[in-house]
Amino acid sequence: MPRAGYVYDPLYLEHDVPGHPESPGRLRAIMAHLEDAGLLAQMTSLTPRDATPDDLELVHSGALIERVRQACQPDTDHWLDVDTYVVARSYDAALRAAGGVLAAVDAVLDGQTDSAFCLVRPPGHHATPDRAMGFCLFNNVAIAAAHALARRGLERVAIVDFDVHHGNGTQDAFYADGRVLYFSTHQHPFYPGTGYWTATGEGSGEGAIVNVPLPRGCGDAEYLRCYREICAPALRRFRPQLLLVSAGFDAHFADPLAQMLVSARGYHGIATILRELAVELCDGRIVYTLEGGYDHTALAWSVRACIDTLLGNPFSPDPLGHGPRIAGPDIEGMLAAVKRVHGL
Ligand SMILES: [Zn+2]
């Protein structure tokens with residue numbers, strides 16, 4: 001049976017402003033569901049560490065790190081941009097979130113587990129090298145990728161991002177770095193406005209940024225096409241030694257923040273493709289890290305669907321079922337454009 005680990009820490013719950021969609025209730029819902037389903041008992045608990053300034057500086061400027069640290073004052077909340085808050089414990093939570101993904105990557109590279117799912121927050125993929133934004137303080141997945149390259153001797157790391165929003169921060173971190181393949185499916189046009197298919201990287205990173213911007217209304221069928229027809233051949237050509245996943249679940253049809261129609265079964269399908277690619281290309285080494293996802297029922301069942309693929313379990317039908325049975329938008333021309341620009 002394949003071995004899977006998970007990262008979780010109660011400190012992740014202390015980053016909290018009441019009423020904000022990026023809430024600790026998200027993680028509580030996931031943990032309660034995984035516990036009830038008996039999945040935590042099938043996984044290894046991996047202990048997160050606290051990221052150090054040296055870890056953060058693999059991706060971020062000293063000025064950003066200091067700005068976030070100083071903004072975390074006792075007994076107040078402070079807004080770094082219109083939708084990104086911090087409270088007194090947010091800096092500590094963010095260090096442990098980034099450090100949690102580092103611990104998971106080390107556990108997988110050391111052979112302690114085959115794969116891992118990091119149940120961390122605050123999320124990270126919008127945080128750029130010098131800016132916290134979009135609910136994100138530090139870019140957990142980018143720091144983990146940079147760590148694997150700089151300190152663990154890897155030469156090629158792939159990051160797959162199926163959050164409904166484009167991971168502009170991750171793209172920025174590696175835009176001119178051909179050692180990281182960044183693949184993203186995202187609603188477009190939508191927050192944060194980046195991620196058009198013509199953005200493909202530059203310099204030694206030319207071609208290593210693969211953006212698949214999708215019109216609103218895409219469901220399981222459209223998403224699975226993107227993963228089979230673009231993600232799979234792009235990863236096979238790149239031959240990553242480690243696969244990281246920015247796992248946001250806000251493309252679910254029940255999510256309140258976006259307009260996509262993916263179901264938990266669809267996430268199981270995407271995760272099955274990613275797991276098979278990891279087995280084929282990098283000894284099954286795959287590390288998921290939580291990004292968005294704001295309907296708690298959809299989030300818990302969709303995370304569970306991904307974890308089930310890591311454990312070799314079949315899809316477990318969820319109470320929300322499939323989304324609206326409507327014809328998806330035509331994505332033929334966009335897929336053709338992405339294939340053409342990337343030679344796929
Ligand atoms: Zn998102």
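The following points describe selected features of a predicted model.

1. Strand S1 and its neighbours. Strand S1 comprises residues 4-7 and is covered on both faces. Ala4 and Tyr6 lie on one side, Gly5 and Val7 lie on the other, and all four are buried. S1 runs parallel to strand S5 (residues 115-118), to which four bridges join it. Within that pairing, Gly5 has Ala116 as its bridge partner.

2. The crossover from S1 to S2. S1 also runs parallel to strand S2 (residues 44-46), here with three bridges. In this pair, Tyr6 stands opposite Ser45. Between S1 and S2 the chain passes through helix H1 (residues 24-36), and the resulting β-α-β crossover is right-handed.

3. Length and bend of helix H7. Helix H7 covers residues 220-238, which is 19 residues. At 1.5 Å a residue these should span 27 Å, and the distance of 25 Å between the end C-alpha atoms agrees with that expectation. The helix has a kink of about 35° at Cys231, shortly before the proline Pro233.

4. Surroundings of helix H7. The buried residues of H7 include Tyr223, Leu224, Tyr227, Ile230, Leu235 and Phe238, and Glu222 is also among them. Cys231, the site of the kink, is likewise buried. Elements that cover the buried residues of H7 include strands S6 (157-161), S7 (180-187), S8 (209-214) and S9 (242-247). Helices H8 (264-282) and H10 (332-342) are also among the covering elements.

5. The largest nonpolar core. This core holds 114 residues, and the members that touch the most other members are Phe162, Tyr227, Leu274 and Tyr288. Helix H4 (residues 90-109) gives the most to the core, with twelve residues. Leaving out residues up to four places away in sequence, Phe162 touches Tyr227, Leu274 and Tyr288, among others. Its further contacts include Thr185, Val245, Phe249, Tyr267, Ile270 and Cys306.

6. Ser184. This residue is found in strand S7. Ser184 counts as buried because its relative accessible area is 0%, and the cut-off for that class is under 20%. Apart from neighbours within four places in sequence, Ser184 is in contact with Asp161, His166 and Gly167, and also with Val210, Asn211 and Val212.

7. Cis peptide bonds. Most peptide bonds are trans. The bond that joins Arg121 and Pro122 is cis, with omega about 0°; Pro122 is in the loop between S5 and helix H5 (140-151). The bond from Tyr191 to Pro192 is also cis, with omega near 0°. Pro192 is placed in the loop between S7 and S8.

8. Positive phi angles. Most residues other than glycine have a negative phi. Arg239, which is not a glycine, has a positive phi of about 55°. Arg239 comes just after H7, in the loop between H7 and S9. With a relative accessible area of 48%, Arg239 is partly exposed. Asp283 has a positive phi too, near 55°, and is placed in the loop between H8 and strand S10 (286-290). Asp283 is classed as exposed because its relative accessible area is 65%, the cut-off being over 50%.

Key. Residues numbered from 1 in each chain as written. Predicted model: local features only at pLDDT ≥ 70, side-chain atom pairs only at ≥ 80, totals over all residues. Heavy atoms only, no water. Helix = DSSP H or I, 4+ residues; strand = E, 2+ residues; numbered from the N terminus. Expected span 1.5 Å × (residues − 1). Bend = angle between axes of the 7 residues up to and from the residue. Buried < 20%, exposed > 50% of the residue type's maximum accessible area, 1.4 Å probe, protein only. Contact = heavy atoms within 4.5 Å. Pairing = 2+ DSSP bridges. Right-handed = clockwise from strand over helix to strand, strands pointing away. Core = buried A, V, L, I, M, F, W, Y, C linked by side-chain atoms within 4.5 Å.
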